[in-house]
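Trainee: I would like to go through this structure and ask, term by term, what each label rests on. Please set the values against the cut-offs as we go.

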Amino acid sequence: MMLLQRLQAWLTRPTRMTTGIRPTLSGLGFLLGTTLIGLTAVDADVNLLLMLFGLCVGAFLVNFLLGWRCLRFISIRRIAPDAAVVGQQFDLRYVITNKHRWITARALIIEDEAHSSASIPSPQGFITALGPGETQTINIPYLCDYRGRLTFSSFRVMSGFPFNLLVKWRRLIDEREMVIYPMLGSLRADPRTFARALETSSNSSNLGRQRGEEEYFGIREYRHGDSLRKIHWRRSARTGQLMIRETAATATQQYWCVVDSRRIAGDDDPAGHLEQVLSAAATFVCAVLEQGASVGLICNGDPLVILPPGAGRSHRPRLLRELALRAGEHHDGLAPHVRSHPWPARWHGACFYFACAEDDDVNQAVAAIERALGTVRVLIPGARLFDKFIRLPNLNATSERVECPVNAAPVAAKAALL
Amino acid sequence: MKPLGGLHITLICLAVLNMLPTMEVEQSWGLMALACALAVGSLVWFSRSGGKPLPSVAINIFVLTALLFLLWEMFGPHEEPSVHIIDLAHFVALLACCKFYECTSYRDAGLITVIGFLLMAIGALVSASLLFAIVILIDLTFGLGWLIVFHTVRMEAQIAERQQRLVRRTTDGTNGHVSTAPATVKRLVGRGLSRVVLVNALYMLLIAAFIFVLMPRGLYGGIFGRMHDLVPGAMTGIGDVVDLDQTAIFEDPTPVMKVQFERGGRLIVDESFEPYMRAQTFTRYYNGEWRRTPITAPRIVPPTKLRRPRSFFGRALPDGTELITQKVWLETRGNGKIYALYAPIYIGSDDLRVVKLDKRDFILESDNSRGAAHYIVQSANERNPDLAAWLKDYESDRSEGESKFTESVKRFAREFAINVGDPSDINQHERIARAIEAHLRSSEYEYTLRMQRVPSDRDWVEYFLFDSKRGHCEYFASSMVLMCQALDIPARLVSGYQGGELNVAGEYYRFRQKDAHAWVEVFLPNKGWTTFDPTPASTVRDGGLDNSFWARTVRAIDFLKFRWSTWIVSFDRETRKTIYDEVRLWLANFTQEETAPRSFGELFTSFFYGPSGLTWWQRAGYWFVLLLFVVGLVLLLRVIIILSLLVRERFGKPVAHERVVPRQPMARFYDRLLVLLASKGHVKPNSSTPREFAQRLAATTDDLRDLPEYTDWFYAAQYGRQEIDDRRESRLSRFFKLLRENAGFGQKSRSNDR
């Protein structure tokens, strides 16, 4: 028994074969038909049927024999972007070369083996014929439905030539990792206006003004709650109503994107809300970076991330990468981390707090952040303010949405923790 | 698939072509014409409808009609017994025709291909003609090319469709049908497709040849064997009536049969040899007709293997009896006549299951009336006096009544005999018969096929003898028989084929319909029934061999048909054994002391040159077989190598590859470390290794003095695949926390830069 178990374990152990062959469905049907013809031929002793049987066997053997040499001399180079966005098509480019000196490779299927915890279709391309020494480039449009890591481990060059009864394949190791960013939407409101409204309506201290970093923005009518110090008396006298001198922060505006990726008790759709939160955060980050502002990122979870504010296009992938690799399977509140972290004064700015749902921990974290960084606007999926601020693509359209692959295996989770 | 594209039209042509062998078995040319018309009609339909298939209602009606036709063929009233497998083939062919009208996708095309393949398999079961070989040849060239192009285009379309689905692009609403650009076909054809097809076809033929020769035979008798019995043999023949009122006799070149004659174990290839293949005998003449009473001969079941007969109707053959063996391949269907030289005393066949042998006039007949048939007959040499005397015991006058002839003919016969001999003396019968034969062969009578109309009040033979003196073989033979019978000399008219056309390469005689002939057999006391041929034209072959291009082409085709029949269709266990024996005999030369080669060079030369005594074409064949053998060995070796590689891949140890090792999950902490260090201003240059980078930072920054140790852990996890234990994990966590939360911890300073 033990021996049998060992044998079974040995036979089924994971191996990474570099060459292989498998019958296709039509090949199995053909094999069945050939067997029947052979049996009939032997039984009935009909020579012509026997000859037909021989031809069928010949076709099968020819399919088995031909094509190996072509596969051996194929080399492939992948040209892929470092990152992509969920739901947005991108091109994977493959440069395929036939290094054989005199054999033409035919009917080649190029499959790039994509790995993740979810079963995702691997991109496939087809080459009709590749002459000796010839190089062809093919573009394969591809689209990902999930965020996280997308790993391409190897190419599989397959050929069913000539009759597609058997598919021979060869694996070429070429590993590459892409990060798929969360789905991006668009902002309905200008974040500067949103933040200014936040400042003016919340009666909080204007940190920018305190630092003398304000500049004239315009004149508008007085609204309840505006500071009386900003009344433009001359214009008020001229127009007959109170006018306010509106100021704004200088070009170096600074925001914080706070993402609470916790699973909150009572949330009916934690995975869906987390994706919305991350998409909204990514959309916000991209929008404000496009406007030239500085953005910092605070994310709880595994691990806690605090990226100081930065600007420019080079900062964008760093932030999006952190959002893309965020896991939601934790209950780590944000408030203790905020309280214990030292916050330099130059990091102060308007904060946008994205959370799946509202609870006490969220309120505590908001209070802590307000004390440390500045005013906070809480954005929760489904809330009126969230919809007013951000428009996300319909997530339900991508029905094959899967969990983030970083949580796929315990080992991966442990590694992510580090 | 693009309707009316090259692939579509080629597919329909190939499908119609594959119907041919099964249609040919029962000469169902009407059905074949219908299939062709339906195929053309489908193309017309697609061109008119803009590529739309026929409505499904019409297709269903088509299928229903085909089903009704099948039932009628199987159970309807027919003159001949129904052969169900051929009926099924007709039904399948009609189904293919129905499918022509809705061939718009690759699936439909694949279905039609499968139907064509099925028809070909049925054809292989029931057909034995060269037509099957021609169809196979076309399938192996054009068909193979079509199949390769079809599979390639289909695969490309499938992958394109899959990618389209993947990126959420909807198809063009054609239910998943993706039209393929003709550029793919052009790319394929332009890349030496013909060479690929040729190589594939040669490989397939080679493997088929090996299997054909090596497969065991003679194991039949099961379910398919019974099915095989349903497929009858067929024969050709001459009618039961010889009517002299035939004015439309013409030279019909339709082949009837091929015969190989063998005497004493050697083939007869001699132009002076004049075979008379007998079919029928007639004794009673009445009003211009020779009509034969159906025989009530006993039926025999011919064995499948040829043996030398030891007895004949229970009596032992006389010693020294020389037999002429005839291997006969009948080609066209007929009415059950079996041809043989005089006197057939043994018959064996695979195809003829029941044969009647009339021992009085040695006529063979069979009940079967379909398809081609092969049989072997052994006849006694009639010139052997001992055997003739032995055979005489079996022969007697027929009791079918006397012929009715005119007084003028009787008078003419008697007057003619006065100057030759006494007819009442049986010993003078031969002389009288020879004289009559010579008289009719004289220049007084002329052989012609252009007959004059005989007055209604005159007898045909009488008119021929006294007035016209022009006629064909039946007139000459009838005149002689009647003259003999008028003198009370037993005589009969024999119909069959005479002469034939010798094919020197194939060492066989080809008999055509134009070789049909009538001659005379006279009963001589000491010799039995002896052949006389009073027809002048029959004594000379028509101008010898015709060497015109057309005649040579026809002979070449005949030769191919003959070889197809003898080498392929009739190949059996005995033939294989003969081949084995010859090969073994030849190989034995290499081991026997007297004939063994003395050196390797001599051995190689002997092996390469082949057996001595071969003709040039036999030697070319030997070299071809040798080449096939070598190629076969190479293929076999290649199969073994590939299989062993696959087995090693599957069951062997995983092969270590020279490649970039991907980031192991446990080593991903290093990426996080680099990010945190970068946030402190320590960006790792690509030019330095992790260890160099760690050592440089440890040397310049006190906070990072443990960095080399962490880097070693990274190496162990990444390349040694070691786990990070809890102790290390907690240390790393603390270190990361310091980097994250302590703004001054590990901060890059200006002094560090320096």
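Mentor: Begin with H12 of chain B, residues 429-441, which lies across E21 and E22 of chain B and runs at about 155° to E21(B). Keep in mind that this is a predicted model.

Trainee: What makes the direction of H12(B) against E21(B) roughly antiparallel?

Mentor: The angle is about 155°, and angles over 145 count as roughly antiparallel, so the label applies. Helix H14 (residues 473-486) of chain B also lies across E21 and E22, as well as strand E18 (491-498), but runs at about 15° to E21(B). Angles under 35 degrees count as roughly parallel, so H14(B) gets that label against E21(B).

Trainee: Which strands make up the sheet, and in what order?

Mentor: The order is E4-E18-E21-E22 in chain B, an open sheet of 4 strands with antiparallel pairing.

Trainee: Why are E4 and E22 of chain B said to stand at the edges?

Mentor: Strand E4 (276-282) and strand E22 (528-532) each have a single partner strand, so one side of each has no neighbour in the sheet. On average, neighbouring strands here are turned by 40° against each other, direction ignored.

Trainee: How do you know that E21(B) and E22(B) pair?

Mentor: Pairing needs at least two bridges, and 5 bridges join E21 (residues 516-524) to E22(B), so the two strands pair. Within these strands, B:Val522 stands opposite B:Thr530.

Trainee: What makes H11(B) and H14(B) roughly perpendicular?

Mentor: Helix H11 (residues 407-418) of chain B packs against H14(B) at an angle of about 75°, with the axes 8 Å apart. The range for that label is 65 to 115 degrees, and the two helices are therefore roughly perpendicular to each other.

Trainee: Which residues meet there?

Mentor: From H11(B) come B:Val409, B:Lys410, B:Ala413, B:Arg414 and B:Phe416, and from H14(B) come B:Leu482, B:Met483 and B:Ala486. They divide into 6 nonpolar, no polar and 2 charged.

Trainee: Why is H17(B) described as lying largely in the open?

Mentor: Helix H17 of chain B spans residues 600-609, and of its 10 residues the number buried is 0, so the helix lies largely in the open. B:Gly610 follows H17(B) and has a positive phi, near 90°. For chain B as a whole, 36% of its 754 residues count as buried.

Trainee: What makes A:Cys286 a buried residue?

Mentor: A:Cys286 has 20 other C-beta atoms within 10 Å, and a residue is buried if 20 or more lie within that distance, so A:Cys286 qualifies. Its place is in helix H8 (residues 270-290) of chain A. Leaving aside neighbours within four places in sequence, A:Cys286 is in contact with A:Leu184 and A:Arg316. A:Pro317 is 31 residues from A:Cys286 in sequence and 9.4 Å away in space, C-alpha to C-alpha.

Trainee: How many residues does each chain give to the contact between A and B?

Mentor: Chain A gives 62 residues and chain B gives 72. On the side of chain A that touches chain B, H3(A) contributes the largest share, 15 residues. The residues on that side divide into 41 nonpolar, 17 polar and 4 charged.

Key:
Residues are numbered from 1 along each chain as its sequence is written. Chains are lettered from A and ligands numbered from 1 in the order in which they are written. This is a predicted model: local features need pLDDT of at least 70, side-chain atom pairs count only at pLDDT 80 or more; totals for chains, interfaces and linings use all residues. Axes are lines fitted to C-alpha atoms, for helices over the stretch in contact, and angles run from 0 to 180 degrees between N-to-C directions. Two residues are in contact if their C-beta atoms, placed from the backbone, lie within 7 Å. Ala, Val, Leu, Ile, Met, Phe, Trp, Tyr, Cys and Pro count as nonpolar, Asp, Glu, Lys and Arg as charged, and the others, Gly among them, as polar. A residue is buried if 20 or more other C-beta atoms lie within 10 Å of its own, exposed if 12 or fewer, and partly exposed in between; C-beta atoms are placed from the backbone.
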